[in-house]
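Visitor: Could you walk me through this model and explain the words you use for it?
Guide: Gladly, let us look at it together.

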Amino acid sequence: MKPYLKTTPDRDGFFGEYGGAMLPPPLVPHFAEICDAYDRLSKSAEFINDLRYIRKHFQGRPTPISHLRNLSDMAGGAQIYAKREDLNHTGAHKLNHCMAEALLAKHMGKTKLIAETGAGQHGVALATAAAYFGMECEIHMGEVDIAKEAPNVVRMKLLGATVVPVGEGAKTLKEAVDSAFGSYIDQADHALFGIGSVVGPHPFPMMVRDFQKIVGIESREQFVDMTGELPDMVTACVGGGSNAMGIFSGFFDDEDVALYGVEPLGTSSKLGDHAATLTYGQDGDIHGFRSKILVDENGNPAPVNTLASGLDYPGVGPEHAYLQKTGRVTYSTADDKESLDAFYKLSRHEGIIPALESAHAVAFALREAKNHPGKSILLNLSGRGDKDIDYVTETYGYGE
Ligand SMILES: *Cc1c(COP(=O)(O)O)cnc(C)c1O
């Protein structure tokens, strides 16, 4: 059988019935150019070697796997392990695809990177990549988010990016996407849109997955090295779904390894209280691709809610919708309360302060460990929690 990653998606970017590219006409030739460039570069020894060099000497890869002994003892069942993407430069997995997108842009002769950002994590990672390659960087951000996420705005500016405030509508992520896309249409001859997850029109869901695949490749090798076997279960939080696709990519062809995506259940399963798109959504189109989405009674993208702003999206990467349908990945949820509890526990008992996003995967592992004595669970610790400590302690204190 051909390896999963070599057969998915098809030439047009479809994962089963999901994915594709629904583009405004002016962007069609530019996306064709991106597809051609990626097709060529993904097979080029020079591109692959450049990326290897960057990962080792700039990002600090490989990141380790840590055995969470204390949490495993407390949970009393499976042994829990964490892939430490919090130790990747800039503190999360996002730099894995941002560096590769910037390298792609450079090979295409582009001089500028454009993107939107919500909480600012993607903006900081892309601005870092732009600084490394000496490129211009333009990040669109809602005015509400600019006020809420001041330290990331400072970081982006220090890194040399232009932050464009967006004052339309609710002044948050959705408006920032629209604004960034508008600006990209005008500059697509010399700029590349740096999409922040495995979402958007083809080829981005495939490219971003391929750029994150390093997490899974390292994980498989390190886990076998450490324990002599493969993990029984692998889990990751799912917002757009890039860190999950990264770690899952190491294990698709290992049929005995069970894969679990964890969506944010927020405060309840009522529409508007969560962002669990695969669990409660329906088939539909969003931002140029077909996937599952959360919609309101009028068919518009529904408001979403979670403690972890990086998981706050009413859509999800099309490959996740496909993997849910084929049954290769099982999708579950963790709510705000149990994720916060996991945030405190990992900090207090393992010495690792996780991002609130990653804490959802920790919560799932803690819950499942009890039911699987003698088994092993590998979770993707997608990022560190420095960005969340002020909010968490001011709102909820220091835990028990
Ligand atoms: C952005 C972010 C996520 C969510 O994005 P995915 O594409 O679903 O991985 C998860 N964890 C961290 C730390 C993030 O910054």
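**A pocket and its surroundings**

Guide: In this predicted model, the second largest pocket holds about 1,200 Å³ of space.

Visitor: What makes a residue part of the lining of the second largest pocket?

Guide: A lining residue has an atom within 4 Å of a pocket point. By that rule 36 residues line the second largest pocket, and Lys6, Tyr38, Ser42, Asp210 and Lys213 lie nearest its centre. Helix 1 (4–7), helix 2 (28–41), helix 3 (45–59) and helix 10 (204–227) are the elements that each give two or more residues to this lining. Helix 10 gives the most, with ten residues. By class, 15 of the lining residues are nonpolar, six are polar and 15 are charged.

Visitor: How do you know where the second largest pocket lies relative to domain 1 and domain 2?

Guide: Domain 1 (16–56 + 94–208) and domain 2 (60–91 + 213–396) both give residues to its lining, so the pocket lies between them.

Visitor: Why does Asp254 count as buried?

Guide: Buried means under 20% relative accessible area. Asp254 has 14% relative accessibility, so Asp254 counts as buried. Asp254 sits in the loop between helix 11 (242–248) and strand 10 (258–264). Leaving out residues up to four places away in sequence, Asp254 touches Arg220, Leu230 and Arg328.

Visitor: And the whole protein: why is it called as compact as a globular protein of its length?

Guide: The protein has 16 helices and 14 strands. Its radius of gyration is 20 Å, close to the 21 Å that the globule rule gives for 400 residues, so the protein is as compact as a globular protein of that length. Of its 400 residues, 57% count as buried.

Methods
Residues numbered from 1 in each chain as written. Predicted model: local features only at pLDDT ≥ 70, side-chain atom pairs only at ≥ 80, totals over all residues. Heavy atoms only, no water. 1 Å grid on protein atoms, 1.4 Å probe; cavity = no way out; pocket = protein on both sides within 12 Å on 5 of 7 lines; lining within 4 Å. Points joined across faces, edges and corners; volume = space filled by probe spheres on them. Helix = DSSP H or I, 4+ residues; strand = E, 2+ residues; numbered from the N terminus. Nonpolar A, V, L, I, M, F, W, Y, C, P; charged D, E, K, R; others polar. Domains from an automatic or database assignment. Buried < 20%, exposed > 50% of the residue type's maximum accessible area, 1.4 Å probe, protein only. Contact = heavy atoms within 4.5 Å. Rg over C-alpha atoms; globule rule 2.2 N^0.38 Å.
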